[in-house]
Amino acid sequence: MALPRPFNDKAGLLIVDDDPLIVETLAYILDADFDIVTAASRSEAIERLREPRPSPLALALVDLGLPPLPHRPDEGFALIGELLAHRPDIRIVVLSGQNDEANGRHARTLGATEFVPKPADPAQLRELLLKTLAFGRPTPAEAEGKVCRLIGESLPMQKLRAQLRQFANSPFPVLVEGESGSGKEIIASCCLHDFSNRAAKPYFALNCAAISPTLVEPTLFGYAKGAFTGASGHKSGYFEDAADGTLFLDEIGELPLELQAKLLRVLENGEFQRVGETQTRFSRARIIAATNRDLRREVREGRFRGDLYHRLSVFTISVPPLRDMGADRLLLLDHFRSQYSKQINLQPFQLSPEAEKRWLDYAFPGNVRELRNIVIRLTAKHPGDTVSPGQLEDELDAGDAPTITEAWDIPRIALEDLQSNRDFNLDLTLRRWERAYIEAAQQMSQGNMSQTARMLGLNRTTLYNRLEALGRNRDEPYGQ
């Protein structure tokens with residue numbers, strides 16, 4: 001099969017690896033086909049993603065072992081989630097020396113399209129990236145935003161459709177709740193906006209987790225000339241540009257507390273001011289917000305304003321997780337299989353009866369995004385074939401990552417340590433326990449560092465500082 005060239009002249013490729021030699025080699029090999037951007041850490045990768053570019057980054061090639069924990073996959077797992085939070089349409093290929101099967105499956109569950117162990121053959125890697133990009137190309141109708149339908153006949157989907165019909169034309173805010181990968185942005189743009197009487201009016205979307213906190217206010221409200229360094233002119237914000245259309249605020253739980261009060265004011269009376277101005281302006285935009293957090297819990301714990309929550313949740317829509325949608329998983333399989341086999345001009349695969357049963361039994365922790373990526377891989381690997389249970393199992397997350405199954409009896413363990421260990425060292429033991437709790441929280445949150453910090457009662461900066469300190473003592477074994 002002749003692989004198509006990237007649909008832009010050169011598609012943007014973000015390479016994230018802390019080994020300069022590997023980055024330099026990959027950039028040299030792939031430069032003819034891609035516009036290369038590089039980063040050596042998770043934070044630097046997000047900075048590169050936020051930088052203005054003529055065309056968005058379409059692909060990311062990510063190592064799992066990144067600082068401050070280069071010998072573990074935690075940072076890479078967290079980066080996969082953050083890349084997709086910033087840009088849901090980016091295609092992620094993991095290239096890593098941490099290449100055991102469980103890591104590969106977990107990376108795909110989190111949203112990676114494919115996992116490639118190091119060292120990789122350059123020609124095969126290039127072919128894989130081009131193929132991944134080809135699968136990611138939208139059809140002309142999708143590119144124009146014309147293809148948008150909810151697939152499924154399960155009771156949760158019927159309830160969702162009923163809510164959408166009821167709320168679409170309402171002028172009041174809507175809060176869309178749902179797990180990562182469940183399709184909240186599609187609900188906002190295609191269903192609530194396109195099916196409303198505002199469909200012909202502007203639609204703007206801001207991912208509150210995908211933008212630096214210092215830029216959220218000028219992005220939403222605009223700014224005056226000289227309001228801050230680099231403000232060389234007047235600029236309207238999303239509220240102004242949306243006019244009487246729709247403004248979608250994704251990951252609303254990430255909005256800084258100081259900006260929540262200003263958002264509340266706009267929701268209450270439509271008033272706002274550009275940064276650096278005293279003139280009051282008015283917005284008639286309808287607000288749709290989305291979150292994968294439990295905002296009620298965030299309110300109770302003081303991380304989200306209760307008055308803003310009640311204002312945003314005039315209407316609340318819960319997008320069901322895929323595990324609750326029963327046979328809809330087969331309808332989604334048919335949809336994506338037909339779409340991608342036609343797109344890449346390959347014969348569609350089939351599932352054997354046993355593989356189909358496993359498909360229906362699988363929980364799809366990554367939701368629709370994970371299902372779509374599995375279909376992409378099966379289409380590429382098994383065109384025209386009948387997929388066996390073993391071949392399907394290779395694409396699923398077997399849940400091999402260890403989890404906390406029972407509470408530790410800490411006083412008993414401490415007593416046994418003191419009685420049996422003449423060389424007991426309290427500092428070393430406390431570091432060992434701290435590391436264990438952090439790693440357990442990372443596993444439970446699937447590498448999401450914001451959730452990890454909340455689970456541990458820390459802010460993210462403190463968590464990163466502790467990880468860095470623990471990383472310097474990484475050679476200390478757990479059992480000493």
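Reader: Which residues does L84 touch, not counting those up to four places away in sequence?

Author: With residues up to four places away in sequence left out, L84 touches I90, I92, L110, G111 and R369, where contact means heavy atoms within 4.5 Å. The model is predicted, and in it local features need pLDDT of at least 70, side-chain atom pairs count only at pLDDT 80 or more, and totals for chains, interfaces and linings use all residues. Residues are numbered from 1 along each chain as its sequence is written, while side-chain values use heavy atoms and leave out hydrogens and water.

Reader: How many residues apart along the chain are L84 and R369?

Author: L84 and R369 are 285 residues apart along the chain, and their C-alpha atoms are separated by 10.0 Å.

Reader: And is L84 buried or exposed?

Author: L84 counts as buried, with a relative accessibility of 2%; the cut-offs are under 20% relative accessible area for buried, over 50% for exposed and partly exposed in between, using a 1.4 Å probe and protein chains only.

Reader: Where in the fold is L84 found?

Author: L84 is found in helix 3, which covers residues 74-86; helices (H or I, at least four residues) and strands (E, at least two) are DSSP runs numbered from the N terminus.

Reader: Now the sheets: what is the strand order in the one that has strand 2 in it?

Author: That open sheet has 5 strands in the order 2-1-3-4-5, with parallel pairing, and two strands pair if DSSP finds at least two bridges between them. Strand 2 (34-39) and strand 5 (114-117) are at the edges with a single partner strand each, so one side of each has no neighbour in the sheet. Direction ignored, neighbouring strands of this sheet are turned by 20° against each other on average.

Reader: How many bridges join strand 1 to strand 3?

Author: Strand 1 (residues 11-16) and strand 3 (residues 57-62) run parallel and are joined by 5 bridges, with V16 standing opposite V62 in strand 3. Helix 3 packs on this sheet and touches strand 1, strand 3 and strand 4 (91-96), its direction making about 165° with that of strand 4. Such angles run from 0 to 180 degrees between N-to-C directions, and axes are lines fitted to C-alpha atoms, for helices over the stretch in contact.

Reader: How many residues of strand 4 are buried?

Author: In strand 4, 6 of its 6 residues are buried. R91, V93 and L95 point one way from the strand, whereas I92, V94 and S96 point the other way.

Reader: What is the strand order in the sheet that has strand 7 in it?

Author: The order there is 7-8-11-6-12, in an open sheet of 5 strands with parallel pairing. Strand 7 (203-207) and strand 12 (315-318) are at its edges, each with a single partner strand, so one side of each is left without a neighbour in the sheet. From one strand to the next, the twist averages 20°.

Reader: Changing topic, at what angle do helix 9 and helix 11 pack?

Author: Helix 9 (residues 213-221) and helix 11 (residues 257-269) pack at about 15°, and their axes are 11 Å apart. The two helices are therefore roughly parallel to each other, since angles under 35 degrees count as roughly parallel, over 145 as roughly antiparallel, 65 to 115 as roughly perpendicular and the rest as oblique.

Reader: What about helix 14 and helix 16, at what angle do they cross?

Author: The axes of helix 14 (residues 328-344) and helix 16 (residues 367-381) cross at roughly 45° and come within 9 Å. That angle makes helix 14 oblique to helix 16.

Reader: Last topic: which peptide bond has omega near 10°?

Author: The bond from P67 to P68 is cis, with omega near 10°, and P68 is found in the loop between strand 3 and helix 3. The bond from K118 to P119 is also cis, with omega near -5°. Most peptide bonds are trans, and most residues other than glycine have a negative phi.

Reader: Which residue has a positive phi of about 50°?

Author: A243 has that value although it is not a glycine, and A243 is partly exposed, with a relative accessible area of 28%. N367 has a phi near 60°, again a positive value in a residue other than glycine, but N367 is buried, with a relative accessible area of 0%, and lies in helix 16.
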